[in-house]
Amino acid sequence: VPAHDRPKVWIKHMQADQDARIAMTGGRIEAAKMIVSNSKSAPAAVELSGDAQVVVTNFMTGANAGSANIALSGEASLTIGADGATTAYLNTGTSETTLSLDDAAVFEAKAPLGVNKGGNAVTRIAAKGSSRMIARGNLTLATAAGGTTDAVFSENATLEAEGAVYISNNDTSDSKLTLKDDATIVLTGAGLYAGWSKQQPGVFEMTGGRVAATNAEFAVRGGKSSAATISGGAVDASYFNVQGANSAADDVANTTNSLTISGGRHRAHYVTKTVDQTGLVIGSNAKACVCEISGGELTVPQRVRLQAKAGGLARLRVSGGKLVVETSANESLVSLGHAATVFGRLEMTGGEIVADKIVSTVGNGASLLADGGCLTLNRASESDSCLQGVDTVELGTKGLTVCVGAEKAGFLSHALTDAAGADGLFVK
(Lines give C-alpha, C1' and ligand atoms only; values in the text may rest on other atoms or scores of the structure.)
Protein backbone atom coordinates (compact mmCIF):
# COMPACT_ATOMS: atom_id res chain seq x y z
CA VAL A 1 0.00 0.00 0.00
CA PRO A 2 1.49 3.42 -0.85
CA ALA A 3 2.65 5.29 2.23
CA HIS A 4 -0.02 8.00 1.96
CA ASP A 5 -2.74 5.33 1.85
CA ARG A 6 -1.53 3.31 4.80
CA PRO A 7 -3.80 3.20 7.83
CA LYS A 8 -3.19 4.83 11.17
CA VAL A 9 -3.04 2.55 14.18
CA TRP A 10 -4.32 4.12 17.39
CA ILE A 11 -3.74 2.18 20.61
CA LYS A 12 -5.44 4.32 23.19
CA HIS A 13 -8.48 4.48 25.44
CA MET A 14 -10.45 7.66 25.82
CA GLN A 15 -11.59 6.94 29.35
CA ALA A 16 -9.52 7.38 32.49
CA ASP A 17 -8.54 4.23 34.40
CA GLN A 18 -8.92 2.09 31.29
CA ASP A 19 -6.13 0.61 29.20
CA ALA A 20 -5.55 -0.46 25.61
CA ARG A 21 -3.26 -3.14 24.26
CA ILE A 22 -2.23 -4.80 21.03
CA ALA A 23 -0.47 -8.18 21.20
CA MET A 24 1.05 -9.95 18.20
CA THR A 25 2.72 -13.37 18.10
CA GLY A 26 3.24 -13.25 14.35
CA GLY A 27 2.19 -11.40 11.22
CA ARG A 28 3.06 -7.90 10.07
CA ILE A 29 1.59 -4.41 10.37
CA GLU A 30 2.68 -1.54 8.12
CA ALA A 31 1.30 1.89 8.87
CA ALA A 32 1.97 5.54 8.22
CA LYS A 33 1.39 6.33 11.88
CA MET A 34 1.10 4.43 15.16
CA ILE A 35 0.04 6.18 18.34
CA VAL A 36 0.66 4.30 21.59
CA SER A 37 -0.71 6.62 24.24
CA ASN A 38 -3.80 7.86 25.98
CA SER A 39 -5.40 11.25 26.28
CA LYS A 40 -6.20 10.42 29.90
CA SER A 41 -4.10 8.72 32.58
CA ALA A 42 -4.49 5.11 31.45
CA PRO A 43 -1.64 3.06 29.96
CA ALA A 44 -1.36 1.69 26.44
CA ALA A 45 0.81 -1.24 25.36
CA VAL A 46 2.36 -2.97 22.36
CA GLU A 47 3.49 -6.54 22.92
CA LEU A 48 5.31 -8.26 20.05
CA SER A 49 6.62 -11.80 20.26
CA GLY A 50 7.36 -14.73 17.96
CA ASP A 51 8.21 -13.32 14.54
CA ALA A 52 5.76 -10.41 14.66
CA GLN A 53 6.75 -7.32 12.68
CA VAL A 54 5.57 -3.73 12.88
CA VAL A 55 6.85 -1.11 10.44
CA VAL A 56 5.62 2.44 11.00
CA THR A 57 6.79 5.79 9.64
CA ASN A 58 5.48 8.09 12.39
CA PHE A 59 5.66 6.49 15.83
CA MET A 60 4.15 8.40 18.77
CA THR A 61 4.08 7.45 22.45
CA GLY A 62 3.37 9.06 25.79
CA ALA A 63 1.00 11.76 24.52
CA ASN A 64 -0.68 13.93 27.14
CA ALA A 65 -0.84 12.03 30.43
CA GLY A 66 -0.90 8.55 28.92
CA SER A 67 1.96 6.14 29.48
CA ALA A 68 3.18 3.60 26.92
CA ASN A 69 4.75 0.19 27.35
CA ILE A 70 6.47 -1.46 24.36
CA ALA A 71 7.72 -5.01 24.87
CA LEU A 72 9.51 -7.06 22.20
CA SER A 73 10.65 -10.65 22.59
CA GLY A 74 11.38 -13.73 20.48
CA GLU A 75 12.41 -12.58 17.00
CA ALA A 76 9.89 -9.74 16.89
CA SER A 77 10.82 -6.39 15.37
CA LEU A 78 9.57 -2.83 15.52
CA THR A 79 10.89 -0.44 12.85
CA ILE A 80 10.12 3.27 13.04
CA GLY A 81 10.94 6.28 10.88
CA ALA A 82 11.78 6.50 7.19
CA ASP A 83 14.98 6.43 5.19
CA GLY A 84 16.39 9.92 4.95
CA ALA A 85 14.04 11.34 7.60
CA THR A 86 15.36 14.00 9.95
CA THR A 87 14.62 12.26 13.27
CA ALA A 88 12.46 9.45 14.61
CA TYR A 89 11.36 9.65 18.25
CA LEU A 90 10.76 7.33 21.16
CA ASN A 91 8.44 9.09 23.61
CA THR A 92 7.01 12.07 21.82
CA GLY A 93 4.83 13.21 24.70
CA THR A 94 5.26 14.38 28.27
CA SER A 95 4.53 11.13 30.04
CA GLU A 96 6.33 7.82 30.63
CA THR A 97 7.42 5.31 27.99
CA THR A 98 9.05 1.93 28.63
CA LEU A 99 10.84 -0.08 25.94
CA SER A 100 11.76 -3.68 26.84
CA LEU A 101 13.79 -5.89 24.48
CA ASP A 102 14.54 -9.58 25.07
CA ASP A 103 15.67 -12.70 23.21
CA ALA A 104 16.55 -11.79 19.59
CA ALA A 105 14.10 -8.89 19.27
CA VAL A 106 15.05 -5.79 17.26
CA PHE A 107 14.02 -2.15 17.68
CA GLU A 108 15.22 -0.09 14.72
CA ALA A 109 14.99 3.58 13.84
CA LYS A 110 15.60 4.11 10.12
CA ALA A 111 16.70 7.66 10.89
CA PRO A 112 18.51 9.41 13.75
CA LEU A 113 16.71 8.53 16.99
CA GLY A 114 15.71 11.02 19.65
CA VAL A 115 14.37 10.01 23.06
CA ASN A 116 12.02 12.30 25.02
CA LYS A 117 10.82 14.84 22.50
CA GLY A 118 8.28 16.23 24.94
CA GLY A 119 9.32 18.18 28.03
CA ASN A 120 9.51 16.43 31.42
CA ALA A 121 9.08 13.00 29.83
CA VAL A 122 10.50 9.82 31.37
CA THR A 123 11.79 6.94 29.25
CA ARG A 124 13.14 3.60 30.44
CA ILE A 125 14.96 1.25 28.08
CA ALA A 126 15.92 -2.29 29.10
CA ALA A 127 17.62 -4.54 26.54
CA LYS A 128 18.79 -8.06 27.35
CA GLY A 129 19.13 -11.50 25.78
CA SER A 130 20.61 -11.05 22.29
CA SER A 131 18.33 -8.16 21.41
CA ARG A 132 19.40 -5.17 19.33
CA MET A 133 18.56 -1.49 19.35
CA ILE A 134 19.60 0.29 16.15
CA ALA A 135 19.73 3.98 15.19
CA ARG A 136 20.52 4.81 11.57
CA GLY A 137 22.18 8.04 12.62
CA ASN A 138 22.76 9.78 15.95
CA LEU A 139 21.08 8.54 19.13
CA THR A 140 20.17 11.24 21.65
CA LEU A 141 18.84 9.93 24.96
CA ALA A 142 17.32 13.21 26.19
CA THR A 143 16.37 15.86 23.67
CA ALA A 144 13.87 18.06 25.56
CA ALA A 145 13.99 20.10 28.74
CA GLY A 146 13.27 18.18 31.91
CA GLY A 147 13.48 14.80 30.24
CA THR A 148 14.94 11.74 31.97
CA THR A 149 16.16 8.59 30.25
CA ASP A 150 17.50 5.46 31.93
CA ALA A 151 18.84 2.89 29.45
CA VAL A 152 20.34 -0.46 30.52
CA PHE A 153 21.95 -2.98 28.14
CA SER A 154 22.78 -6.34 29.71
CA GLU A 155 23.49 -10.00 28.90
CA ASN A 156 24.36 -10.07 25.16
CA ALA A 157 22.28 -7.11 24.03
CA THR A 158 23.68 -4.68 21.44
CA LEU A 159 23.23 -0.95 20.88
CA GLU A 160 24.19 0.12 17.35
CA ALA A 161 24.41 3.73 16.21
CA GLU A 162 25.46 4.91 12.76
CA GLY A 163 26.33 8.23 14.33
CA ALA A 164 27.13 9.60 17.78
CA VAL A 165 25.45 8.62 21.06
CA TYR A 166 24.56 11.62 23.24
CA ILE A 167 23.61 10.87 26.86
CA SER A 168 21.64 14.08 27.57
CA ASN A 169 21.66 17.07 25.28
CA ASN A 170 19.49 19.73 26.88
CA ASP A 171 19.78 22.26 29.70
CA THR A 172 17.64 20.39 32.22
CA SER A 173 17.64 16.82 30.95
CA ASP A 174 19.20 14.06 33.02
CA SER A 175 20.07 10.68 31.51
CA LYS A 176 22.06 7.54 32.21
CA LEU A 177 23.32 4.72 29.99
CA THR A 178 24.46 1.47 31.64
CA LEU A 179 26.43 -1.36 30.01
CA LYS A 180 26.94 -4.67 31.81
CA ASP A 181 27.60 -8.40 31.38
CA ASP A 182 28.61 -9.05 27.73
CA ALA A 183 26.52 -6.31 26.16
CA THR A 184 28.02 -4.24 23.35
CA ILE A 185 27.82 -0.69 22.02
CA VAL A 186 28.88 -0.32 18.39
CA LEU A 187 29.49 3.20 17.06
CA THR A 188 30.41 4.31 13.57
CA GLY A 189 29.88 8.03 14.16
CA ALA A 190 31.62 10.84 16.02
CA GLY A 191 31.62 9.39 19.53
CA LEU A 192 29.93 8.43 22.75
CA TYR A 193 29.25 11.53 24.86
CA ALA A 194 28.25 11.49 28.52
CA GLY A 195 26.79 14.97 28.31
CA TRP A 196 27.46 17.32 25.43
CA SER A 197 26.32 20.93 25.17
CA LYS A 198 24.56 23.24 27.55
CA GLN A 199 24.22 22.58 31.26
CA GLN A 200 23.02 19.01 31.57
CA PRO A 201 24.67 16.03 33.25
CA GLY A 202 25.05 12.75 31.40
CA VAL A 203 26.11 9.53 33.15
CA PHE A 204 27.68 6.41 31.63
CA GLU A 205 28.26 3.36 33.82
CA MET A 206 30.06 0.24 32.61
CA THR A 207 30.66 -2.92 34.62
CA GLY A 208 31.24 -5.25 31.69
CA GLY A 209 30.79 -5.66 27.97
CA ARG A 210 32.46 -3.70 25.18
CA VAL A 211 32.30 -0.30 23.55
CA ALA A 212 33.49 -0.66 19.95
CA ALA A 213 34.18 2.88 18.76
CA THR A 214 37.61 2.69 17.15
CA ASN A 215 36.84 5.63 14.84
CA ALA A 216 35.05 7.69 17.50
CA GLU A 217 35.92 9.49 20.71
CA PHE A 218 34.82 8.45 24.19
CA ALA A 219 33.99 11.68 25.95
CA VAL A 220 32.66 13.16 29.18
CA ARG A 221 31.26 16.60 28.32
CA GLY A 222 28.52 19.00 29.36
CA GLY A 223 28.33 22.17 31.42
CA LYS A 224 27.41 20.50 34.73
CA SER A 225 28.68 17.33 36.42
CA SER A 226 28.79 14.52 33.87
CA ALA A 227 30.51 11.24 34.67
CA ALA A 228 31.71 7.99 33.14
CA THR A 229 32.45 5.17 35.59
CA ILE A 230 34.12 2.03 34.21
CA SER A 231 34.81 -0.98 36.43
CA GLY A 232 35.09 -3.72 33.82
CA GLY A 233 34.84 -4.66 30.17
CA ALA A 234 36.69 -2.97 27.32
CA VAL A 235 36.40 0.42 25.64
CA ASP A 236 38.06 0.73 22.23
CA ALA A 237 37.90 4.33 21.05
CA SER A 238 39.81 6.75 18.87
CA TYR A 239 40.69 8.82 21.95
CA PHE A 240 39.40 9.65 25.44
CA ASN A 241 38.25 13.14 26.30
CA VAL A 242 37.20 14.76 29.60
CA GLN A 243 36.17 18.35 28.90
CA GLY A 244 33.37 20.82 29.51
CA ALA A 245 30.39 21.79 27.39
CA ASN A 246 30.64 22.06 23.63
CA SER A 247 30.41 25.82 24.16
CA ALA A 248 32.57 27.32 26.93
CA ALA A 249 29.76 29.74 27.80
CA ASP A 250 27.72 26.78 29.08
CA ASP A 251 30.33 25.59 31.59
CA VAL A 252 29.12 25.96 35.19
CA ALA A 253 31.77 26.90 37.77
CA ASN A 254 32.33 24.57 40.74
CA THR A 255 31.12 21.52 38.84
CA THR A 256 33.22 18.50 37.84
CA ASN A 257 33.20 16.23 34.81
CA SER A 258 34.91 12.93 35.58
CA LEU A 259 36.17 9.72 34.01
CA THR A 260 36.85 6.97 36.57
CA ILE A 261 38.47 3.65 35.60
CA SER A 262 38.77 0.89 38.20
CA GLY A 263 38.82 -2.21 36.02
CA GLY A 264 38.89 -3.63 32.51
CA ARG A 265 41.31 -3.11 29.60
CA HIS A 266 40.77 -0.04 27.44
CA ARG A 267 42.56 1.42 24.46
CA ALA A 268 42.66 4.57 22.35
CA HIS A 269 43.50 3.87 18.71
CA TYR A 270 43.69 7.45 17.51
CA VAL A 271 42.19 7.12 14.04
CA THR A 272 40.30 10.38 13.50
CA LYS A 273 42.20 13.01 15.50
CA THR A 274 45.51 14.33 14.18
CA VAL A 275 46.78 17.14 16.43
CA ASP A 276 49.69 15.73 18.45
CA GLN A 277 47.99 12.32 18.32
CA THR A 278 46.71 12.85 21.86
CA GLY A 279 45.07 9.70 23.23
CA LEU A 280 43.71 11.25 26.47
CA VAL A 281 42.63 14.89 26.85
CA ILE A 282 41.68 16.35 30.24
CA GLY A 283 40.67 19.94 30.87
CA SER A 284 38.31 22.73 29.94
CA ASN A 285 37.58 26.34 30.68
CA ALA A 286 35.80 27.43 33.88
CA LYS A 287 35.21 24.01 35.45
CA ALA A 288 36.99 20.96 36.85
CA CYS A 289 37.79 17.93 34.69
CA VAL A 290 39.20 14.85 36.40
CA CYS A 291 40.38 11.44 35.22
CA GLU A 292 41.08 8.86 37.93
CA ILE A 293 42.61 5.43 37.37
CA SER A 294 42.50 3.09 40.35
CA GLY A 295 42.53 -0.26 38.56
CA GLY A 296 42.44 -1.87 35.15
CA GLU A 297 44.55 -0.65 32.25
CA LEU A 298 44.26 2.26 29.82
CA THR A 299 46.55 2.38 26.79
CA VAL A 300 46.75 5.52 24.65
CA PRO A 301 49.02 6.56 21.77
CA GLN A 302 51.81 9.09 22.18
CA ARG A 303 50.37 11.75 24.47
CA VAL A 304 48.23 12.51 27.52
CA ARG A 305 47.35 16.19 27.63
CA LEU A 306 46.08 18.18 30.63
CA GLN A 307 44.82 21.56 29.48
CA ALA A 308 42.85 23.57 32.02
CA LYS A 309 42.55 27.29 31.49
CA ALA A 310 42.14 30.14 33.97
CA GLY A 311 39.31 29.33 36.37
CA GLY A 312 39.37 25.64 35.49
CA LEU A 313 41.07 22.48 36.74
CA ALA A 314 42.59 19.51 34.90
CA ARG A 315 43.61 16.63 37.15
CA LEU A 316 44.90 13.12 36.49
CA ARG A 317 44.95 10.80 39.50
CA VAL A 318 46.63 7.39 39.33
CA SER A 319 46.16 5.36 42.51
CA GLY A 320 46.22 1.88 40.98
CA GLY A 321 46.05 0.06 37.69
CA LYS A 322 48.16 1.07 34.71
CA LEU A 323 48.29 3.97 32.25
CA VAL A 324 50.39 3.20 29.18
CA VAL A 325 51.40 5.98 26.79
CA GLU A 326 52.75 4.13 23.78
CA THR A 327 55.91 5.21 22.03
CA SER A 328 55.85 5.58 18.26
CA ALA A 329 58.15 7.59 16.01
CA ASN A 330 57.72 10.46 18.47
CA GLU A 331 58.09 10.62 22.24
CA SER A 332 55.35 9.36 24.54
CA LEU A 333 54.51 12.21 26.89
CA VAL A 334 52.32 13.08 29.85
CA SER A 335 51.87 16.81 29.28
CA LEU A 336 50.81 18.93 32.25
CA GLY A 337 50.38 22.00 30.05
CA HIS A 338 51.57 22.60 26.50
CA ALA A 339 51.41 26.43 26.66
CA ALA A 340 51.74 29.27 29.15
CA THR A 341 47.96 29.62 29.55
CA VAL A 342 47.03 25.95 30.08
CA PHE A 343 48.03 23.69 32.94
CA GLY A 344 47.22 20.55 34.88
CA ARG A 345 48.01 18.49 37.97
CA LEU A 346 49.15 14.87 38.14
CA GLU A 347 48.70 12.96 41.41
CA MET A 348 50.39 9.56 41.68
CA THR A 349 49.61 7.57 44.81
CA GLY A 350 49.86 4.07 43.35
CA GLY A 351 49.69 2.12 40.14
CA GLU A 352 51.99 2.63 37.16
CA ILE A 353 52.47 5.19 34.39
CA VAL A 354 54.45 4.03 31.37
CA ALA A 355 55.80 6.92 29.25
CA ASP A 356 59.01 8.53 28.05
CA LYS A 357 58.66 11.61 30.24
CA ILE A 358 56.38 14.01 32.11
CA VAL A 359 56.60 17.57 30.76
CA SER A 360 55.08 21.02 31.04
CA THR A 361 55.65 24.67 30.12
CA VAL A 362 57.58 26.53 32.82
CA GLY A 363 55.49 29.12 34.65
CA ASN A 364 52.02 27.86 33.78
CA GLY A 365 51.28 26.50 37.27
CA ALA A 366 51.49 22.79 36.50
CA SER A 367 52.19 20.45 39.43
CA LEU A 368 53.01 16.84 40.26
CA LEU A 369 52.44 15.04 43.54
CA ALA A 370 54.18 11.66 43.84
CA ASP A 371 53.30 9.61 46.91
CA GLY A 372 53.44 6.06 45.59
CA GLY A 373 53.28 4.23 42.31
CA CYS A 374 55.88 3.90 39.59
CA LEU A 375 56.92 5.88 36.52
CA THR A 376 58.26 3.36 34.03
CA LEU A 377 60.26 4.90 31.20
CA ASN A 378 59.53 3.58 27.71
CA ARG A 379 62.82 4.90 26.39
CA ALA A 380 65.23 5.82 29.15
CA SER A 381 67.79 8.47 28.27
CA GLU A 382 71.12 9.33 29.92
CA SER A 383 70.86 12.95 28.80
CA ASP A 384 67.16 13.83 28.47
CA SER A 385 65.40 14.33 31.82
CA CYS A 386 62.26 12.28 32.45
CA LEU A 387 60.74 15.32 34.23
CA GLN A 388 60.79 18.67 32.45
CA GLY A 389 59.29 22.10 33.05
CA VAL A 390 56.86 21.19 35.88
CA ASP A 391 56.54 24.18 38.23
CA THR A 392 56.05 22.12 41.40
CA VAL A 393 57.09 18.49 42.00
CA GLU A 394 56.18 17.30 45.49
CA LEU A 395 57.34 13.98 46.93
CA GLY A 396 55.33 12.28 49.65
CA THR A 397 56.39 9.62 52.15
CA LYS A 398 55.98 6.86 49.53
CA GLY A 399 57.64 9.10 47.01
CA LEU A 400 58.39 8.69 43.34
CA THR A 401 59.80 5.48 41.92
CA VAL A 402 61.32 5.62 38.44
CA CYS A 403 61.86 2.31 36.63
CA VAL A 404 64.28 2.32 33.68
CA GLY A 405 64.57 -1.39 32.94
CA ALA A 406 67.50 -3.79 33.10
CA GLU A 407 70.83 -2.56 31.75
CA LYS A 408 69.46 0.91 31.07
CA ALA A 409 70.22 4.31 32.54
CA GLY A 410 67.83 7.20 33.14
CA PHE A 411 68.35 10.90 33.74
CA LEU A 412 66.50 13.28 36.06
CA SER A 413 67.33 16.96 36.36
CA HIS A 414 64.50 18.80 38.07
CA ALA A 415 63.72 20.63 41.29
CA LEU A 416 62.00 18.40 43.87
CA THR A 417 60.36 19.36 47.15
CA ASP A 418 58.77 17.60 50.10
CA ALA A 419 55.00 17.41 50.17
CA ALA A 420 53.45 19.15 53.16
CA GLY A 421 54.25 17.23 56.35
CA ALA A 422 56.23 14.52 54.55
CA ASP A 423 59.84 13.45 54.22
CA GLY A 424 59.89 13.03 50.47
CA LEU A 425 61.30 9.88 48.90
CA PHE A 426 62.86 9.26 45.49
CA VAL A 427 63.66 5.71 44.35
CA LYS A 428 65.25 4.41 41.19
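Q: Which residue does R136 meet in a salt bridge?
A: This is a predicted model, and in it the side chain of R136 comes to 2.9 Å, N to O, from its partner. A salt bridge needs that gap to be within 4 Å, so the pair qualifies. The partner of R136 is E108.

Q: How many residues apart in sequence are the parts that R136 and E108 tie together?
A: Let's place both ends. R136 sits in the loop between β13 (132-135) and β14 (139-140), while E108 belongs to strand β10 (residues 106-109). The salt bridge therefore ties together parts whose separation in sequence is 28 residues.

Q: Is E108 buried or exposed?
A: The cut-off for buried is under 20% relative accessible area. E108 has 17%, whereas its partner R136, at 31%, is partly exposed. So E108 counts as buried.

Q: Which strand holds K176, the salt-bridge partner of E205?
A: E205 and K176 have their closest N and O atoms 3.3 Å apart. Both residues are partly exposed, E205 with a relative accessible area of 30% and K176 with 29%. The two are 29 residues apart, with E205 in strand β21 and K176 in strand β18.

Q: What relative accessibility does D236 have?
A: D236 meets R210 in a salt bridge of 3.1 Å, N to O. R210 is in strand β22 and D236 in strand β24 (residues 234-242), 26 residues apart. R210 is partly exposed at 38%, but D236 counts as buried because its relative accessibility is 14%.

Q: How many salt bridges does the structure hold?
A: We've met R136 with E108, E205 with K176, and R210 with D236. Elsewhere, bridges that share partners join E292, R315, R317, R345, E347 and E394 into one network. The total for the structure is 17.

Q: Are the planes of Y166 and Y193 stacked or edge-to-face?
A: On to the rings: the structure has three aromatic pairs, and Y166 with Y193 is one of them, at 5.2 Å centre to centre. Planes under 30 degrees apart count as stacked, and here the angle is 10°. So the Y166 and Y193 pair is stacked.

Q: Which strand holds Y193?
A: Y166 lies in strand β17 (residues 165-167), and 27 residues separate it from Y193. Both tyrosines are buried, Y166 at 13% relative accessibility and Y193 at 3%. The strand with Y193 is β20 (residues 191-194).

Q: Which residue do ring pairs link with F204 and F218 into a cluster?
A: F204 and F218 pair edge-to-face, at 5.6 Å centre to centre with 75° between the planes. Both are buried. The other member of their cluster is F240.

How values were computed:
Residues are numbered from 1 along each chain as its sequence is written. This is a predicted model: local features need pLDDT of at least 70, side-chain atom pairs count only at pLDDT 80 or more; totals for chains, interfaces and linings use all residues. Side-chain values use heavy atoms; hydrogens and water are left out. Rings of Phe, Tyr and Trp (its six-membered ring) pair if their centres lie within 6.5 Å; planes under 30 degrees apart count as stacked, over 60 as edge-to-face and the rest as tilted. Helices (H or I, at least four residues) and strands (E, at least two) are DSSP runs, numbered from the N terminus. Buried means under 20% relative accessible area, exposed over 50%, partly exposed in between (1.4 Å probe, protein chains only).
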